[in-house]
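Work through the exercises below with the sequence and the 3D structure at hand. Try each task before reading its solution.

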Amino acid sequence: ELSRSEKFIVIDANSKITSEVRVIPSEEPAAEPTVIAAREQGVEYSIEHHGHRFLILHNKGAEDFALAYTSADNPGEWVELIPHTPGTRLESVDAFARHILISQRRDGLTGLRVMGDGSTDSYDMEFPEPIYSVGLTNNPEYDTATVRISYTSLVTPDSVYDVDLVTRTMTLRKRKPVLG
């Protein structure tokens, strides 16, 4: 698949408990694929391109997954960005030009963490109800400060919002009608 940044072609090879990812610069499609990390028994990982680096969501020594990064020019050593936190499952990472969004699950509740400009400064998106389900929808645009999410709770029907990651405002775009 093509990375959201459209800079790399990403080739994923996965089994139930192992992963291996190779990348090819999209401007050189005939180039030899570069391995991000060799297959290792019991280690699963996925990548997202973000500027000068690849973000790596992995379970190497991290049962609930951790987030690291490596150079996009010369992949090798992984540098920790979000350490493993028992009880907080990092489910996916989505990179945008100026933000990183991490889908996570804590105490059975889904959530979204936002990191601005790839820094370690982050915040968890807040929602009005104590029990809900939230997740990112299709967000193909790389250079944006607005993402689309889906949200539902026991009192709020399936809803789609656009979220401004800078101002933290949510704009309702669609809500499934309640019949009855």
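The exercises that follow concern a predicted model.

**Exercise 1.** Find which elements give two or more residues to the largest nonpolar core.

Solution. Step one: take the core itself, which has 15 residues. Those with the most contacts inside it are Leu101, Met125, Phe127, Val134, Val147, Ile149 and Leu165. Step two: list the elements that contribute two or more residues to this core, namely β10 (109-116), β12 (132-136), β13 (146-153) and β14 (159-164). Step three: pick out β13, which gives the most, with three residues.

**Exercise 2.** Which residues does valine 134 touch, leaving out those up to four places away in sequence?

Solution. Step one: look for heavy atoms within 4.5 Å, the cut-off for a contact. Step two: read off the partners of valine 134, which are Thr110, Gly111, Leu112, Phe127, Ile149, Ser150 and Tyr151. Step three: set this group apart from a second, separate core of 12 residues, which includes Leu55, Leu67, Ile82 and Met115.

**Exercise 3.** Why is one side of β4 and of β7 left without a neighbour in the sheet?

Solution. Step one: write down the strand order of the open four-stranded sheet, β4-β5-β6-β7, where the pairing is antiparallel. Step two: β4 (45-50) and β7 (79-82) are at the edges and have a single partner strand each, so one side of each lacks a neighbour in the sheet. Step three: note that neighbouring strands here are turned by 30° against each other on average, direction ignored.

**Exercise 4.** Describe how β4 pairs with β5.

Solution. Step one: the antiparallel pairing of β4 with β5 (residues 53-58) runs over six bridges. Step two: for one residue pair, take glutamate 48, whose bridge partner in β5 is leucine 55. Step three: leucine 55 also appears in Exercise 2, as Leu55 of the second core.

Technical notes:
Residues numbered from 1 in each chain as written. Predicted model: local features only at pLDDT ≥ 70, side-chain atom pairs only at ≥ 80, totals over all residues. Heavy atoms only, no water. Core = buried A, V, L, I, M, F, W, Y, C linked by side-chain atoms within 4.5 Å. Buried < 20%, exposed > 50% of the residue type's maximum accessible area, 1.4 Å probe, protein only. Pairing = 2+ DSSP bridges. Axes fitted to C-alpha atoms, helices over the stretch in contact; angles between N-to-C directions.
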